[in-house]
Amino acid sequence: MNRRLLALPAAVVAVAVGLYGCSSGDSSGESGATPAAAASIKVVASTNVWGDLAGAVGGDKVQVTSIITSPDADPHEYEASTRNQLSLSEATVVIENGGGYDDFIDRMLKSAKNGSATVLNAVTISGRKAAAGAELNEHVWYDFPTVVKVIDQLEQAYAKADPSAATTFQQNADALKAKIDGLVQQEAALKQKYDGQPVAITEPVPVYLLDAAGLRNKTPDEFSEAIEEDSDVPAKVLNETLELYSKHEVKLLAYNAQTTGPETEKVLAAAKQNNIPVVPVTETLPAGKDYVGWMSANLAALGAALGQ
C-alpha cells in the first residue's frame with residue numbers, strides 16, 4: 001500500500017471505529033446494527049473489509065470493531081490508540097490481513113497481553129507464497145479463494161467460542177460463500193469473453209482479481225513497485241508506462257483511487273487523454289457497500305470498460 005496515503009491521527013481513527021453486531025459487518029456503524037450488548041463474541045478486524053466479512057459470518061452473535069475504516073488511513077502508518085488497544089485486549093477473535101500490510105495489529109496485540117484470542121491472518125490462511133525473487137502481493141481480499149478460506153476459519157473460531165450457535169455460524173458462512181461463488185462466476189464470465197486482454201495498473205492492489213478474470217497486466221513491474229513503495233519511478237520506466245496509453249496497448253487502467261502522486265497523476269492523465277477507460281479500485285469498503293456488493297461493482301466496472 002502506498003505510503004503517500006495520509007495516516008489519520010490515532011484519536012481520529014479511534015472515533016471512526018465502529019462496534020457492530022450485524023450480519024453485514026457494516027463499518028459505518030449504521031444500517032440497523034444490533035447493540036453491542038447482544039453479542040457474545042468480540043471481534044477486532046484490522047480493516048473494514050475483513051470486519052464486514054467477520055460480521056456477515058457472525059451475525060448478531062458478534063461485536064465487530066474495525067480499526068481502519070477511512071480511505072485516508074494507511075495501515076502501514078497507523079499508530080495505536082487507547083480505545084483500540086482496549087478492544088484488542090478484550091477480543092475473542094482477531095482478524096488481520098498479514099503480509100506486512102497491517103503489522104500494527106501484532107504490535108498492539110502483544111501490548112494488550114491477550115494470549116487467549118484466536119488470531120486469523122488472511123495471508124497465512126491463503127497459503128500463497130511469493131515467487132522466487134519477488135514479493136508477495138498482500139492484497140488478498142481481492143482473491144476470492146482466500147476469502148472463502150477466511151470465512152471457513154471465522155466459522156470455526158466462532159463455533160469454538162460459542163458452540164451453542166455453531167449451526168447459525170455455519171448457515172451464515174454457507175450463505176456468504178454462495179454469494180462469493182456468484183462473484184467467481186462473474187470473474188469466469190469476464191474471462192470467457194476477454195481472456196488475454198491487456199490492462200494496466202498503478203499498484204498491485206487488484207491484481208488477483210485481474211488475473212482471475214484472465215486479464216494481462218502490462219504495467220512494468222518497476223513502475224507499480226515504485227508506486228507501492230513510495231519511491232521515485234525512473235524516467236525510462238515512466239515513459240514506458242505512459243506509452244501503454246499513447247500507443248493504445250492496454251484496454252483499461254485499474255487505478256488505486258486512494259493514492260496520489262505525480263507519477264500516478266501522469267498515468268491517469270495519459271489514460272484519459274487517449275480515451276483509455278479508467279476503473280477506480282480501493283483498499284477499504286466504499287460507503288454504503290458490503291464486501292459482496294463492492295466486488296460485484298468492481299467486476300461490473302471491468303466488464304463495462306472492456307466492452308467499450
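**Legend 1. Helix H9 and the elements it packs against.** Two residues are in contact when heavy atoms of theirs lie within 4.5 Å of each other. With that idea in hand, look at helix H9 in this predicted model, which spans residues 221–228. Which residues of helix H9 are buried? They are Phe-223, Ser-224, Ala-226, Ile-227 and Glu-228. Against which elements do these buried residues of H9 pack? Their partners are strand S6 (198–201), helix H10 (235–246) and helix H11. An α-helix has 3.6 residues a turn, so residues three or four places apart point the same way. Follow the chain just past H9 and you meet Asp-230, which takes a positive phi of about 60°.

**Legend 2. The whole chain, for orientation.** Before going on, it helps to step back for a moment. The chain has 308 residues, and 52% of them are buried. Its secondary structure comes to 12 helices and 9 strands. Take the contacts between residues at least 6 apart in sequence: 71% of these join residues at least 24 apart.

**Legend 3. An open sheet of parallel strands.** In what order do the 4 strands of this open sheet lie? The order is S7-S6-S8-S9, and the pairing is parallel. At the edges are strand S7 (216–217) and strand S9, each of which pairs on one side only.

**Legend 4. Strands S8 and S9, joined by way of helix H11.** Strand S8 covers residues 253–256 and pairs with S9 in the parallel sense over 4 bridges. As a landmark, find Leu-253, which stands opposite Val-278 in S9. Now trace the path of the chain: from S8 it passes through helix H11 (residues 262–273) to S9, a β-α-β crossover that is right-handed. In a regular strand the side chains alternate between the two faces of the sheet. Strand S9 (residues 278–281) shows this alternation. Val-279 and Val-281 point to one face and are buried, whereas Val-278 and Pro-280 point to the other face and are not buried.

**Legend 5. Helices H6 and H7 side by side.** Two packed helices are described by the angle between their axes and the distance between the axes. Here the axes of H6 and H7 come within 9 Å and cross at roughly 175°. Angles over 145 degrees count as roughly antiparallel, so H6 is roughly antiparallel to H7. Which residues make the contact between H6 and H7? From H6 they include Phe-144, Val-147, Val-148, Ile-151 and Tyr-158. From H7 they include Phe-169, Leu-176, Ile-180, Leu-183 and Val-184. Asp-152 of H6 and Lys-177 of H7 also take part in this contact, and the next view looks at this pair.

**Legend 6. A salt bridge linking H6 and H7.** The side chains of Lys-177 and Asp-152 meet in a salt bridge, at 2.7 Å from N to O. Lys-177 belongs to helix H7 (residues 166–194) and Asp-152 to helix H6, so the pair ties together parts that are 25 residues apart in sequence. Lys-177 is partly exposed, at 22% relative accessibility, and Asp-152 is partly exposed too, at 24%. This pair has company: Asp-152, Asp-174 and Lys-177 are linked in a network of salt bridges. The count for the model comes to 6 salt bridges.

**Legend 7. A salt bridge within the loop between H5 and H6.** Asp-143 and Arg-128 meet through their side chains in a salt bridge, with 3.1 Å from N to O. Both residues lie in the loop between H5 and H6, so the pair ties together parts that are 15 residues apart in sequence. Is Asp-143 buried or exposed? It counts as buried, because its relative accessibility is 6% and the limit for buried is under 20%. Arg-128 counts as partly exposed, at 33%.

**Legend 8. Glu-135 and its surroundings.** Glu-135 is found in the loop between helix H5 (122–126) and helix H6 (144–161). Why does Glu-135 count as exposed? Its relative accessibility is 66%, and the exposed class begins over 50%. Leaving aside residues up to four places away in sequence, Glu-135 touches Ala-130 and Glu-229. Gly-99 is 36 residues from Glu-135 in sequence, and in space the two are 9.6 Å apart, C-alpha to C-alpha.

How values were computed
Residues numbered from 1 in each chain as written. Predicted model: local features only at pLDDT ≥ 70, side-chain atom pairs only at ≥ 80, totals over all residues. Heavy atoms only, no water. Helix = DSSP H or I, 4+ residues; strand = E, 2+ residues; numbered from the N terminus. Buried < 20%, exposed > 50% of the residue type's maximum accessible area, 1.4 Å probe, protein only. Pairing = 2+ DSSP bridges. Right-handed = clockwise from strand over helix to strand, strands pointing away. Salt bridge = Lys/Arg side-chain N within 4 Å of Asp/Glu carboxyl O. Axes fitted to C-alpha atoms, helices over the stretch in contact; angles between N-to-C directions. Parallel < 35°, antiparallel > 145°, perpendicular 65-115°, else oblique.
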